[in-house]
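Got the viewer open? Here's a short tour, stop by stop, with something to select at each one.

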Amino acid sequence: MSFAILGENGNLTNERATDHAKILHIISSYKKARPDGQILISNYGEYDDNYVNASKNSQNFAEIVLLYLKKYEIDGFDLDWESVRINDLSNELINLLKTCKYIFKNKYKLSHAIWPGVHSPKTVGMLANLVDEINIMSYEMSISSLEFLINQYNQSGFPYEKMVLGMETETRNENNETICGKIDLVNKYNLRGIFVWRLDNDDIPIKSGIQVGPPSFRTVKMLYGALTRYGWI
């Protein structure tokens, strides 16, 4: 789910005041449909100072995250710190993840969003023993470039089986070729799987910059068809 945000004081809060009811609705609906499924909250942020400050008191940060997970009875935490300086701040990143892993005591999942071309393979490799998975934001990438990238990550020490490939719905750039190409990579390298960003924005009709109707789920329909052909469904 998205998003929880990190404030200047190190607190993890919902992005909007109306999100509490929305989160409860999503959790209830999902658990009803998939009682065996798992839900993670995504903590998106671009403000480096907030994360650097949180890293200085990483135990407090991790305990706040844990309280959030317990409050909503969800299964884990995705640290979506999107910084162009992430490699320079890798010590802070690792400190936050390492402390969360310790505080969670293997009772909650931990993941991190990877920005291709920004996260260096060296930085990704250092996360191998800290996270349950990485969510690679592999949007608008050719399949050959994506394959080269995941091999770089693996050569730096990150296991294939913890890699999740991303496809996105907002630009209409995903098609049957890219979807099947990513599924082929999952099968070829025994990757952890695929995620879609994001279901509620999947081909929303826009007029003059304003949403004028519900999503058509164009990308999800293509993905469902591909997964059916591959025997995943």
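**Stop one: Lys 31**

Select Lys 31, which is partly exposed, with a relative accessible area of 25%. Keep in mind as you click around that this is a predicted model. Now add Asp 75: the two form a salt bridge, with their closest N and O atoms 3.3 Å apart. Lys 31 sits in helix H1 and Asp 75 in the loop between H3 and strand E4 (76-81), so this pair ties together parts that are 44 residues apart in sequence.

**Stop two: helix H1**

Next, select residues 19-33 to bring up the whole of H1. H1 has 15 residues and runs 21 Å from first C-alpha to last, close to the 21 Å expected at 1.5 Å a residue. Colour Asp 19, Ile 23 and Ile 27, the buried residues of H1. Look down the helix axis and you'll find them within an arc of 70°, so they line one face. What do they pack against? Show strand E1 (2-6), strand E2 (12-14) and helix H3 (58-72) to see the partners. Then flip to the face turned away from the buried side, where Ala 21, His 25, Lys 32 and Ala 33 are exposed.

**Stop three: more salt bridges**

The count comes to nine salt bridges. One to try is Arg 34 with Asp 36, at 3.0 Å between the closest N and O atoms. Arg 34 is partly exposed at 41% relative accessible area, while Asp 36 counts as exposed at 58%.

Finish at Arg 172 and Asp 203, whose side chains meet in a salt bridge at 2.5 Å, N to O. Arg 172 lies in the loop between strand E7 (163-168) and helix H7 (176-189), and Asp 203 in the loop between strand E8 (193-197) and strand E9 (206-207), so the pair ties together parts 31 residues apart in sequence.

Note on methods: Residues are numbered from 1 along each chain as its sequence is written. This is a predicted model: local features need pLDDT of at least 70, side-chain atom pairs count only at pLDDT 80 or more; totals for chains, interfaces and linings use all residues. Side-chain values use heavy atoms; hydrogens and water are left out. Helices (H or I, at least four residues) and strands (E, at least two) are DSSP runs, numbered from the N terminus. The expected span of a helix is 1.5 Å times one less than its number of residues. Buried means under 20% relative accessible area, exposed over 50%, partly exposed in between (1.4 Å probe, protein chains only). The arc is that of the directions from the helix axis to the C-beta atoms. Contact means heavy atoms within 4.5 Å. A salt bridge is a side-chain nitrogen of Lys or Arg within 4 Å of a carboxyl oxygen of Asp or Glu.
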